[in-house]
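Visitor: Please show me the model. I would like to ask how its labels are earned.

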Amino acid sequence: EKVKELAKKWYGILEFPGESDERFYNLLENTDGLYECDIKTYLEKDSENKEKNAIMFLYFCEDLCRQYKERGIDEAVFYESIKYLPDTLVKGDFKVDKDAWIVLSLKFEIFRLGRLQFQMSKMYPEGKDGGFSEDTNIIDVHIPADGGSITPEVIDEAFSLAEEFFSKHFPEYEYKYYTCFSWML
């Protein structure tokens with residue numbers, strides 16, 4: 001079946017630790033109800049089974065990779081943006097919630113550019129206090145815990161990368177504001 005083939009392919013590409021092989025292959029062999037679909041459909045209709053999610057999330061990497069290629073986005077950005085998937089699955093013993101952070105990457109909404117992650121999003125309801133509507137496009141900035149120091153130079157570089165990235169790869173996405181509600185602030 002195609003879903004299992006692609007999940008197995010991405011399991012190999014993403015270089016999971018060898019000690020997780022037995023758990024993964026057992027899960028792959030014994031998980032029923034897998035089917036071809038896009039991530040949006042899956043999340044809306046059928047994402048309560050956390051073990052099934054693990055297989056499906058690997059399967060969705062194929063479509064995600066295609067989207068990156070179609071937009072001409074560098075492969076390195078793809079791998080930086082998806083690199084948390086193996087850790088998420090292994091730490092959860094191949095059980096992953098539909099609301100896990102990695103889903104933003106799989107939905108092609110968030111991108112790791114330098115030290116920061118940048119997410120195409122809508123203004124938070126709290127933004128109404130500033131006169132913004134909830135349908136205002138924004139870039140929500142996230143600070144990954146695994147990236148090292150945060151100096152003004154590193155932050156400037158990340159924002160410079162983001163400006164270039166979104167204007168080149170998402171010219172139709174019109175935004176004027178960056179927001180950040182990080183735990184670090």
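Guide: Here are some labels, each set against its definition.

Guide: This is a predicted model, where local features need pLDDT of at least 70, side-chain atom pairs count only at pLDDT 80 or more, and totals for chains, interfaces and linings use all residues. Residues are numbered from 1 along each chain as its sequence is written, and side-chain values use heavy atoms, leaving out hydrogens and water.

Visitor: Why is H142 called buried?

Guide: Buried means under 20% relative accessible area, exposed over 50%, and partly exposed in between, with a 1.4 Å probe and protein chains only. H142 has 14% relative accessibility, so H142 counts as buried.

Visitor: What makes the link between the side chains of H142 and Q119 a polar contact?

Guide: A polar contact is a pair of N or O atoms within 3.5 Å; within protein, one must be able to donate a hydrogen and the other to accept it, and residues adjacent in sequence count only if both atoms are side-chain atoms. The H142 and Q119 side chains are joined at 2.8 Å.

Visitor: How do you know that the buried residues of helix 8 line one face?

Guide: Helix 8 covers residues 152-169. Its buried residues are I155, A158, A162, F165, F166 and H169. Seen down the axis, they fall within an arc of 90°, so they line one face of the helix. The arc is that of the directions from the helix axis to the C-beta atoms.

Visitor: Which exposed residues does the face turned away from the buried side carry?

Guide: That face of helix 8 carries P152, E153, D156, E164, S167 and K168.

Methods: Helices (H or I, at least four residues) and strands (E, at least two) are DSSP runs, numbered from the N terminus. The expected span of a helix is 1.5 Å times one less than its number of residues.
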